[in-house]
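Reader: Hi! Could you walk me through a protein structure, starting with the basics?

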Amino acid sequence: MDATEKALVLKVGCFREADCWVRLFTPTRGIFNAFAFGGSRSRRRFVGCLDPLSLVLFSIGSDRRGAYSVLGEGSLLHNFPGIRADAAAAGLAANCVRFVEAVEIDPSDAAPVYHLLLNTLYLLDSGQGSPDFVPWFFRARLAFAMGYDPDFENCGTCGSPVSQGRGHLFVVEQGQVVCAACHSVGKPLDGLARSVSPGVLRALEWIRESDPGDWGRVVLDREVRRQVSQLVEMFVAYHLGLSWENGIYKKV
Ligand SMILES: [Zn+2]
């Protein structure tokens with residue numbers, strides 16, 4: 001029995017004369033490959049559906065032995081014309097897709113990541129979304145969506161709010177803020193910790209709560225932006241094991 005599901009097409013390749021493989025991302029299965037037999041010939045079954053960055057309603061079945069997925073037919077829902085027409089937006093979209101692929105998402109974590117990616121593509125499609133923010137906001141939100149979800153508002157040790165005052169630390173391993181009082185009296189902290197101002201914590205909390213639709217109107221002080229993006233990259237490198245170097249995501 002075929003199931004019908006919305007899927008984002010990430011990559012397409014063709015083999016033999018008329019057959020294609022398609023790399024898909026769906027909210028229930030995560031990222032997987034499926035075959036579209038006759039895909040490059042059968043214009044009627046897959047009209048406009050076999051291009052990267054297409055959102056398609058596919059009927060998805062499997063071969064007789066259940067060894068691989070097979071696409072029955074597709075209906076194109078959206079193909080992000082604003083991204084296709086703009087090389088900068090296409091570059092940002094490709095960066096986000098590469099990150100999702102590098103993370104190797106378990107199907108049980110797929111739904112929030114799928115919606116995060118889709119909403120980011122809608123932002124880019126509408127011509128918003130600065131290269132100064134989108135890539136690392138996306139990485140931060142993806143890490144938070146996968147359960148590495150820090151509390152930026154309260155001290156992880158005593159629970160008091162950290163919206164005021166100075167001398168708070170953010171401990172990358174635990175994803176916790178430790179207030180000035182706690183780390184001055186307590187035992188020394190293990191591992192990677194950075195001092196953070198209330199402004200940096202507010203910005204981190206804003207990103208944590210934000211939807212990609214909000215990212216078009218963000219304004220961040222330069223110094224806050226520098227500190228927040230550094231913390232995000234440390235957090236992502238530690239918890240997801242990935243860092244962005246020379247145009248590719250590397251395991252760290
Ligand atoms: Zn405390």
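Author: Happy to; we will go from the whole chain to some single residues.
Author: This is a predicted model, where local features need pLDDT of at least 70, side-chain atom pairs count only at pLDDT 80 or more, and totals for chains, interfaces and linings use all residues. Residues are numbered from 1 along each chain as its sequence is written, and side-chain values use heavy atoms, with hydrogens and water left out.

Reader: Cool. How many helices and strands does the protein chain have?
Author: The protein chain has 7 helices and 11 strands. Both are DSSP runs numbered from the N terminus, with at least four residues of H or I for a helix and at least two of E for a strand. Along the principal axes, the C-alpha atoms of the chain fill a box of roughly 70 × 40 × 30 Å.

Reader: And what share of the residues is buried?
Author: Buried residues make up 45% of the 252 residues in the protein chain. Buried means under 20% relative accessible area, exposed means over 50%, and partly exposed is in between (1.4 Å probe, protein chains only).

Reader: What about contacts between residues far apart in sequence?
Author: Among contacts in the protein chain with a separation of 6 or more, 59% are between residues 24 or more positions apart. A contact means heavy atoms within 4.5 Å.

Reader: Switching topic: which residues are the protein donors of the zinc ion?
Author: They are Cys155, Cys158, Cys179 and Cys182, each through its SG atom, lying 2.3 Å from the zinc ion. Donors are N, O and S atoms within 2.8 Å of the metal (3.2 Å for Na, K and Ca), and water is not among the atoms, so sites may look incomplete. In sequence, the donor residues follow the spacing C-x2-C-x20-C-x2-C.

Reader: What geometry does the site of the zinc ion have?
Author: The site is tetrahedral, with angles of 106 to 113° among the 4 donor atoms. Four donors get that label if all angles lie between 85 and 135 degrees. Ideal angles for four tetrahedral donors are 109.5 degrees.

Reader: Is Cys155 buried or exposed? And how about Cys158?
Author: Cys155 counts as buried because its relative accessibility is 3%. Cys158 has a relative accessible area of 43%, so Cys158 is partly exposed.

Reader: Got it. Now helices: at what angle do the axes of helix 4 and helix 6 cross?
Author: The axes of helix 4 (residues 134–145) and helix 6 (residues 198–209) cross at roughly 70° and come within 9 Å. That makes helix 4 roughly perpendicular to helix 6. The axes are lines fitted to C-alpha atoms, for helices over the stretch in contact, and angles run from 0 to 180 degrees between N-to-C directions. Roughly perpendicular covers 65 to 115 degrees.

Reader: Which residues make the contact?
Author: Helix 4 brings Trp136, Phe137, Ala140, Arg141 and Phe144, while helix 6 brings Trp206, Ile207 and Arg208. These contact residues divide into 6 nonpolar, no polar and 2 charged. For that split, Ala, Val, Leu, Ile, Met, Phe, Trp, Tyr, Cys and Pro count as nonpolar, Asp, Glu, Lys and Arg as charged, and the others, Gly among them, as polar.

Reader: Helix 4 again: what does Leu142 touch?
Author: Setting aside neighbours within four places in sequence, Leu142 is in contact with Phe99, Val100, Val103, Val113, Leu116 and Leu240. Leu142 is found in helix 4 and is buried, because its relative accessible area is 0%. Pro112 is 30 residues away in sequence, with the two C-alpha atoms 8.3 Å apart.

Reader: Where is Leu71?
Author: Leu71 sits in strand 5 (residues 69–78). With a relative accessible area of 1%, Leu71 is buried. Beyond neighbours within four places in sequence, the contacts of Leu71 include Val22, Leu24, Phe46 and Ile60.

Reader: Last one: where is Leu53, and what is its phi?
Author: Leu53 is in the loop between strand 3 (30–36) and strand 4 (55–62). Phi of Leu53 is near 65°, a positive value in a residue other than glycine. Leu53 counts as buried because its relative accessibility is 15%.

Reader: And Glu104, buried or exposed?
Author: Glu104 counts as exposed, at 61% relative accessibility. Glu104 lies in the loop between helix 2 (87–103) and helix 3 (110–125), and its phi is near 55°, a positive value in a residue other than glycine.

Key:
Tetrahedral: all angles 85-135°; square planar, octahedral: opposite > 155°, others 65-115°. Parallel < 35°, antiparallel > 145°, perpendicular 65-115°, else oblique.
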